[in-house]
Structure formats: C-alpha cells, structure tokens
Amino acid sequence: MGLIAIGAGLAVFGAMGAGLGIGIATSKAVEAVARQPEADSKIMKNLILGCALAEATAIYCFVIAILIIMMLGS
C-alpha cells in the first residue's frame with residue numbers, strides 16, 4: 001500500500017507545476033496590462049486560455065492519482 005501512495009503522490013505532483021505556471025502567467029499578464037492598458041482585452045483572453053489549459057493538466061494529474069488508488073489499492 002505504501003508504494004501505491006507514493007505513486008499517487010507523484011501523479012499529483014504535476015499539479016504543482018500547473019499552479020506555478022498559472023501564477024507566473026498571471027504575474028506577467030498584470031505587468032503587460034500595466035505597460036499597455038489599451039491591450040487589456042487581448043492579454044486577458046490569452047491569459048484565460050493559458051490558465052484553462054494549465055488547470056486541465058492539474059485535473060488530469062488528479063484523475064490519474066485517483067485511478068492509481070482505486071485500481072491498485074484494492
């Protein structure tokens with residue numbers, strides 16, 4: 001059971017990368033809007049798309065971790 005928990009933990013580890021990516025993207029978008037306020041709508045559209053893709057990666061990691069626990073834990 002210990003190795004299953006380690007495997008699930010490693011699968012969720014990908015969510016940390018998604019969190020860091022969203023944070024960095026948000027900070028860069030805020031800097032870009034501060035420099036060019038007229039490009040606000042364009043920057044926000046790209047930011048939301050990028051954050052959605054990063055969040056989807058985190059959800060996939062979570063689903064894989066749940067599958068590891070359910071399939072191998074029994």
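## Report on a predicted helical pair

Pro-37 is exposed, its relative accessible area being 53%. The model described here is predicted. Pro-37 belongs to the loop that lies between helices H1 and H2. From the C-alpha atom of Pro-37 to that of Cys-51 the separation is 20 Å, with these positions 14 residues apart along the chain.

### Packing of the two helices

Two packed helices are described by the angle between their axes and by the distance between those axes. Helix H1 covers residues 2-35 and packs against H2 at an angle of about 175°, the axes lying 8 Å apart. H1 is therefore roughly antiparallel to H2, because an angle over 145 degrees counts as roughly antiparallel. Sorted by class, the residues in the contact of H1 with H2 are 23 nonpolar, four polar and two charged.

### Glycines of H1

Two glycines can be described individually. Gly-14 is part of helix H1, and so is Gly-19. Gly-14 is partly exposed because its relative accessibility is 28%, and partly exposed residues fall between the limits of 20% and 50%. Gly-19, with a relative accessible area of 42%, is likewise partly exposed.

Each glycine can also be paired with an alanine that is distant in sequence. Gly-14 and Ala-58 stand 44 residues apart in sequence, yet their C-alpha atoms are 6.3 Å apart in space. For Gly-19 and Ala-54, which are 35 residues apart along the chain, the C-alpha separation is 7.8 Å. The table sets these pairs beside the pair that involves the loop proline.

| Residue pair | Separation along the chain | C-alpha separation |
|---|---|---|
| Gly-14 and Ala-58 | 44 residues | 6.3 Å |
| Gly-19 and Ala-54 | 35 residues | 7.8 Å |
| Pro-37 and Cys-51 | 14 residues | 20 Å |

### Nonpolar surface patch

The surface carries a nonpolar patch of about 1100 Å², formed by Val-12, Ile-59, Tyr-60, Phe-62, Val-63, Ile-64, Ile-66, Leu-67, Met-70, Met-71 and Leu-72. Helix H2, which spans residues 40-73, supplies the largest share of this patch, namely ten residues.

Met-71, one of the patch residues, is located in helix H2. Its relative accessibility is 60%, so Met-71 counts as exposed, the limit for that class being over 50%.

Methods
Residues are numbered from 1 along each chain as its sequence is written. This is a predicted model: local features need pLDDT of at least 70, side-chain atom pairs count only at pLDDT 80 or more; totals for chains, interfaces and linings use all residues. Side-chain values use heavy atoms; hydrogens and water are left out. Patches are made of residues with over 30% relative accessible area and no salt bridge: like charges are joined within 9 Å, nonpolar side chains (Val, Leu, Ile, Met, Phe, Trp, Tyr) within 5 Å. Accessible areas come from the Shrake-Rupley method with a 1.4 Å probe; for residues, only the protein chains shown count as cover. A salt bridge is a side-chain nitrogen of Lys or Arg within 4 Å of a carboxyl oxygen of Asp or Glu. Helices (H or I, at least four residues) and strands (E, at least two) are DSSP runs, numbered from the N terminus. Buried means under 20% relative accessible area, exposed over 50%, partly exposed in between (1.4 Å probe, protein chains only). Axes are lines fitted to C-alpha atoms, for helices over the stretch in contact, and angles run from 0 to 180 degrees between N-to-C directions. Angles under 35 degrees count as roughly parallel, over 145 as roughly antiparallel, 65 to 115 as roughly perpendicular and the rest as oblique. Ala, Val, Leu, Ile, Met, Phe, Trp, Tyr, Cys and Pro count as nonpolar, Asp, Glu, Lys and Arg as charged, and the others, Gly among them, as polar.
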